[in-house]
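Colleague: Before I use this model, I should like to go through the terms applied to it and hear the reasoning behind each one.

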Amino acid sequence: MGVGVIGYGYWGPNLVRNFAEQVAARVVAVSDLSVERLTQVHARYPKVKLTTDFREVLCDADVDAVIVATPVSSHFDIGMRALQAGKHVLITKPITADSEQAMQLIEAAEQRGLVLMVDHTFIYTGAVQTIKQMVESGNLGQLYYYDSTRVNLGLFQRDVNVLWDLAVHDLAIMDYVLGRRPVAVAATGAAHVPGHHVNLAYLTCYFEGSLITHHHVNWLAPLKIRRTLIGGARQMIVYDDLEPSEKVKVYDKGVTLADAQGALESMIGYRTGDMWAPQLSLTEGLRVEAQHFLECVTHRRQPLTDGPCGLRVISVLEAAARSLAGRGQPVELTDESPRATATESLGGVSESA
């Protein structure tokens, strides 16, 4: 399958490498506005066609699928042009700059029978796949909270704020792991660099029942943290993506509630048990994702991270923007983005090369 990559900036080299290593794919062309970056491509992949005009990639008959790895502001234009040219499309996160654009891409792909997929890479990692299985098994018991922290020093983005840059990862993971959409969103944040976007934010998602999720993102932290806590009635999970080996730890701890009336102490009991770390697949998430995209194109399957998945994440980010403008006032979410059935039709993702 011929693949064309548009954008060779921060994430582009990883995309080109992973698709070049796929047996079922051939990287035909790479486009970037920087001649210096294209020179780097030529040094490593001398047979790949190079161009500073992405339209040449879309017109190339040898290109069956296009990967869009450009700034968010250009995702819709390039993605729509690619679909109109009859190419299958994989777009880096977030899918578009707003939900209306995302819906137009979804409709265009459906009308043409083309695959539209979003690069939510973490969903394809062994850690997140294992967490998903644990939540679905019911071993955690009733879910109480989902708490994530994703902070570091930089990189400041020109076209999006910190929520659209960092929280999009955690919202995609949350959407996949919980399999539920929030009913309301509240967000607060601050912009400490004059004239630039919000660089520190706290996002809370409310669900039906007592489940609540909280996401802390920050471009001004002195150290890098990538940690998620999921608390259930029977078990709790700590997911630390920076851990070299035991990224996921399961704590057999919880709170038991008694029916007794009276003092709080007599109603709540604490249960403590062992901690264990499940064995995880060490295959690079992007490698699994690349293979999954190719399989979906070949067999015309619905991707695990399809257009509606990207739209659901966008809808939360847009609600968060309105809440930010209202100094943290909760914003209700309407159910306009039905949950896709990709997990049922695919039965998970393959990890083989």
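**Reasoning from values to terms**

Modeller: Let us begin with Cys296, which is buried, its relative accessible area being 0%. Please bear in mind that the model is predicted.

Colleague: Why is Cys296 called buried?

Modeller: Buried means under 20% relative accessible area. Cys296 has 0%, so the term applies.

Colleague: How do you know that Cys296 is in no disulfide?

Modeller: A search of the whole structure finds zero disulfides. The nearest cysteine sulfur to that of Cys296 belongs to Cys309 and is 12 Å away. A disulfide requires two cysteine sulfur atoms within 2.5 Å, so the pair does not qualify.

Colleague: Is Cys59 buried or exposed, and what makes it so?

Modeller: Cys59 has a relative accessible area of 68%. The term exposed requires a value over 50%, and therefore Cys59 is exposed.

Colleague: Let us turn to the rings. How many aromatic pairs are there?

Modeller: The count comes to two aromatic pairs. One of them is formed by Tyr10 and Trp11 and is stacked.

Colleague: What makes the pair of Tyr10 and Trp11 stacked?

Modeller: The ring centres are 6.5 Å apart and the planes differ by 25 degrees. Centres within 6.5 Å make a pair, and planes under 30 degrees apart count as stacked, so Tyr10 and Trp11 satisfy both conditions. As for accessibility, Tyr10 counts as exposed at 70%, whereas Trp11 counts as partly exposed at 28%.

Colleague: Why is the pair of Phe19 and Phe293 called edge-to-face?

Modeller: The ring centres of Phe19 and Phe293 are 6.2 Å apart and the planes stand at 85 degrees. Planes over 60 degrees apart count as edge-to-face, so that is the term for this pair.

Colleague: Why can the pair of Phe19 and Phe293 be said to tie together parts that are apart in sequence?

Modeller: Phe19 lies in helix 1 (residues 12-20) and Phe293 in helix 9 (residues 285-299), so the pair ties together parts that are 274 residues apart in sequence. Both Phe19 and Phe293 are buried.

Colleague: How do you know that Lys132 lies over the face of Tyr176?

Modeller: Lys132 is at 5.0 Å from the ring centre of Tyr176. The distance limit is 6 Å, so that part of the test is met. Arg150 likewise lies over the face of Phe122, at 4.7 Å from the ring centre.

Colleague: Where does Trp164 lie, and is it buried or exposed?

Modeller: Trp164 lies in helix 7. At 11% relative accessibility it falls under 20%, so Trp164 counts as buried. The C-alpha atoms of Trp164 and Leu317 are separated by 6.8 Å, although these residues are 153 residues apart along the chain.

Colleague: What does the search of the whole structure find in the way of cavities?

Modeller: The search finds two cavities of 30 Å³ or more. The largest cavity has a volume of about 50 Å³, and helix 7 (162-178) and helix 10 (307-325) each give two or more residues to its lining. By class, that lining has five nonpolar, no polar and four charged residues. Among the lining residues are Leu171, Met174, Arg312 and Val316.

Colleague: Which residues line the second largest cavity?

Modeller: The lining of the second largest cavity includes Arg150, Asp170, Arg226 and Tyr239. About 30 Å³ of space lies in this cavity. Strand 11 provides the largest share of the lining, three residues. The lining divides into one nonpolar, two polar and five charged residues.

Colleague: What makes the backbone at Arg300 and Arg327 worth noting?

Modeller: Arg300 has a positive phi of about 55 degrees although it is not a glycine, and Arg327 also has a positive phi of about 55 degrees without being a glycine. Most residues other than glycine have a negative phi. Arg300 is placed in the loop between helix 9 and helix 10, and Arg327 in the loop between helix 10 and strand 17 (331-332). The relative accessible area is 53% for Arg300 and 78% for Arg327. Exposed means over 50%, so the term fits Arg300 and likewise Arg327.

Colleague: Which peptide bond is cis, and where does its proline lie?

Modeller: The bond from Lys93 to Pro94 is cis, with omega near -20 degrees. Pro94 lies in the loop between strand 5 (88-92) and helix 5 (99-112). Most peptide bonds are trans.

How values were computed. Residues numbered from 1 in each chain as written. Predicted model: local features only at pLDDT ≥ 70, side-chain atom pairs only at ≥ 80, totals over all residues. Heavy atoms only, no water. Phe/Tyr/Trp six-rings, centres within 6.5 Å; stacked < 30°, edge-to-face > 60°. Buried < 20%, exposed > 50% of the residue type's maximum accessible area, 1.4 Å probe, protein only. Helix = DSSP H or I, 4+ residues; strand = E, 2+ residues; numbered from the N terminus. Lys NZ or Arg CZ within 6 Å of the ring centre and 35° of its normal. 1 Å grid on protein atoms, 1.4 Å probe; cavity = no way out; pocket = protein on both sides within 12 Å on 5 of 7 lines; lining within 4 Å. Points joined across faces, edges and corners; volume = space filled by probe spheres on them. Nonpolar A, V, L, I, M, F, W, Y, C, P; charged D, E, K, R; others polar.
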